[in-house]
Amino acid sequence: MLQDSMALQAAEKTFYDALFSFQDAKLGQAGEASKFRTNGNFDINDKERYQTNGLKGKKNHQREDEQHPEEGRSSKQSVVSADDSEPQEIFDKVLLCQGDHHEEWGSCTPHCSMKREGTEQLQQNRQSKGSKTNRSKQQNKDEEAVDLTTMLNQCAQAVASYDQGTASELLKKIRQHSSPDGHATQRLAHYFANGLEARLTGVRTPSFSPLFSRHTSAAEILLAYEVSASTCPFITISRFLANRTIMKLAKNETRLHIIDFGISYGFQWPCLIQHLSERPHGPPKLHITAIELPQPGFRPTERVEETMRRLARYCAKFNVPFEYNVMAQKRETIQCEDLKIDRNELVVVNCLHRLRHIHDETVMENSPRDAVLKLIKNINPNLFIHGVINGRHNTPFFATRFKEALLHYYTIFDIFEATIPREEKRRMVLERDIQGKDIMNIIACEGVERVERPETYKKWQTRNVRAGLKQLPLDQELMKKAKKLSKLMDYHNDLRIDEDGDWMLHGWKGRIFTALSFWKPA
C-alpha cells in the first residue's frame with residue numbers, strides 16, 4: 001500500500017538529503033568504516049574512515065515511472081555528509097528487526113516491539129482526541145444524507161461525455177461536502193475531486209503525480225511509513241515471507257545475487273542484511289543489482305546510488321561482504337548481459353508491487369510488461385518473487401476506470417479510518433502525498449503519462465505462465481509463521497491473510513488488496 005506503494009515506491013532526492021545527512025557515529029565507534037570503489041564493490045576489510053558532504057539539489061516532482069529521456073548506468077560514488085545521528089536511529093528502528101522476537105521472527109520489519117509501541121501511541125491519540133471524534137458524529141450524520149460516491153461517479157460520467165457544465169456543477173457540490181481531514185469518504189472524495197478538476201481543466205501532465213509533496217519533510221515521510229507498516233500487514237508480512245524465503249534458499253550459499261526491479265529506497269534489505277550476518281557459518285557475499293527509472297536531469301542514477309550507499313552502510317555495520325550494480329533505465333530496455341550474472345551465484349529476482357508501473361499492450365503494441373517478464377525468464381533465476389497490487393482500474397475507458405479506482409481507494413481510506421486517528425498527521429501524509437498523488441495520476445492522465453496500471457493477480461498469473469515461468473508452491477512452514485506473526489502484531493480483525501492456489505493474499509473486509517507469489521523458469 002505504501003508502495004511502494006510505498007511504495008514504499010520513490011521520488012524525491014530531498015528524502016535522502018534530510019534523512020541521511022549524518023556522520024555514521026555507530027560505524028565510527030565500531031571501527032567499521034568503509035571505502036567505496038568506483039566499480040560499486042564494497043569490502044568490509046577496508047577500514048579507512050570516510051566522511052560525507054551533503055548534496056543539495058532540485059526536487060523531483062515527477063513520478064518515478066514516467067518517460068525520462070536521460071537513461072544510464074553509473075558506478076560513480078558521490079559522497080554525502082552528516083552530523084546528526086538521530087535520523088539514523090529512527091531509520092534503524094523502522095527497518096531492523098530488534099526486541100523480544102528478533103531470533104524467532106528474523107526478517108520481520110518493523111519488529112514487534114515497535115508495533116506494540118506504535119499501536120499504543122495511536123490508541124492514546126484516539127482517546128485524547130475523543131472529544132473531537134464525538135463532535136464529528138453529528139457531522140457524519142449530516143453527511144449520510146449526501147451520497148458522495150454517487151455524485152463522484154456522475155461527475156466522472158459527465159467528464160467522460162465532455163459535459164463540462166454538468167461536471168462543473170457536480171464538482172462544486174462535491175467540494176462542499178468533501179474534506180482532506182474529515183471521515184474516510186469525505187477524504188476520498190476530496191482527492192478524487194482534485195483529479196476530476198485537473199482532468200476537466202485539461203491539465204494531465206505527469207507533474208501532477210509526484211510521490212511526495214514538496215512541502216513534506218523527510219521525517220514526516222519516514223514516520224508515515226512507520227505508522228503504515230505498524231497498522232497494516234501488507235508491507236510487513238510480504239517482506240517477511242519474501243526475505244525468509246530468500247534466507248532459506250541461500251542457507252548454504254556463499255554468494256547471493258539479488259536483482260531488484262524497482263529498488264526504490266531499499267527498505268526491504270537492511271533486515272535481510274542483518275540476518276544474513278547471523279548465519280552460523282558466516283554471511284554470503286551479497287551482490288545487489290539495483291534497477292530504477294532514471295531521474296530527470298544530468299544525474300539520472302543519483303537517487304539509486306544514494307540507496308545503495310545506505311545499504312553499503314548496513315553491510316559495513318553487520319560485516320556482510322557487498323558489491324552492487326546500478327541501472328537507471330526503463331526496465332523493458334534491459335538485456336541479460338547488462339546484469340553481470342555469475343552462474344556461481346544464487347540469483348534471486350525481486351519485484352514487489354512495481355511491475356504495475358510498466359506500460360502494457362493498451363499503450364504499446366509490443367507490451368513492455370510482457371517483455372520484462374520474458375527478460376526475467378531469460379535471466380534464469382533460482383527464484384522470482386512477484387508481489388502485486390490487486391486492482392482492476394487499468395481500463396482505457398475512463399468512466400469504468402474511475403468506478404474501479406473509487407472502490408480500490410475506498411479500501412485504503414477505510415483501513416486508515418479504522419486503524420489511524422483522523423487527527424494523526426502521519427495519516428494525512430499517507431493520504432495526501434502517496435494515495436492522493438496516485439489518484440491524480442489515474443484520473444487526470446492518459447497514455448504514457450498514466451503510470452498507475454495495476455492488474456488482478458490472476459491476470460498476472462496468466463502473463464507469467466505465458467512468459468515461460470512456473471509458479472512454486474508456498475512454503476507452508478513459512479506461511480504458518482507469517483500468519484502467527486500477523487496475529488502477534490495484533491492487526492485489525494478485518495485485515496486478513498489468505499491463500500488462493502500458490503498466492504498469498506492480503507485483504508480488507510473480503511476485498512483482496514495485494515498478492516505475493518514465487519516463480520522460476522519453466
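I will go through the confidence of this model and then two helix pairs.

What we have is a predicted model, and the mean pLDDT of the protein chain is 79, with 70% of its residues reaching 70 or more. Over residues 73–86 the pLDDT falls below 50, although that stretch has 55 contacts in the model beyond near neighbours in sequence. Residues 126–136 also have pLDDT below 50, and there the model shows ten contacts beyond near neighbours in sequence. Where pLDDT is low, the predicted coordinates should not be read in detail.

Turning to the first pair, helix H6, residues 148–160, packs with helix H7, residues 164–177, at an angle of about 155°, and their axes lie 8 Å apart. Because angles over 145 degrees count as roughly antiparallel, H6 is roughly antiparallel to H7, and their crossing is left-handed. On the H6 side the contact includes Leu148, Met151 and Leu152, and on the H7 side the residues include Leu170, Leu171 and Ile174; by class, the residues of this contact are ten nonpolar, three polar and one charged.

The second pair is helix H8, residues 184–200, and helix H15, residues 425–444, which pack at an angle of about 40° with axes 9 Å apart. That angle makes H8 oblique to H15, and the crossing is right-handed. Among the residues that meet here are Arg187, Tyr191, Phe192 and Arg199 in H8, and Arg427, Glu431, Arg432 and Ile439 in H15. How do the residues of the contact of H8 with H15 divide by class? They comprise ten nonpolar, three polar and five charged residues.

Note on methods: Residues numbered from 1 in each chain as written. Predicted model: local features only at pLDDT ≥ 70, side-chain atom pairs only at ≥ 80, totals over all residues. Heavy atoms only, no water. pLDDT = per-residue confidence, 0-100. Contact = heavy atoms within 4.5 Å. Axes fitted to C-alpha atoms, helices over the stretch in contact; angles between N-to-C directions. Helix = DSSP H or I, 4+ residues; strand = E, 2+ residues; numbered from the N terminus. Parallel < 35°, antiparallel > 145°, perpendicular 65-115°, else oblique. Left-handed = near helix turned anticlockwise from the far one by under 90°. Nonpolar A, V, L, I, M, F, W, Y, C, P; charged D, E, K, R; others polar.
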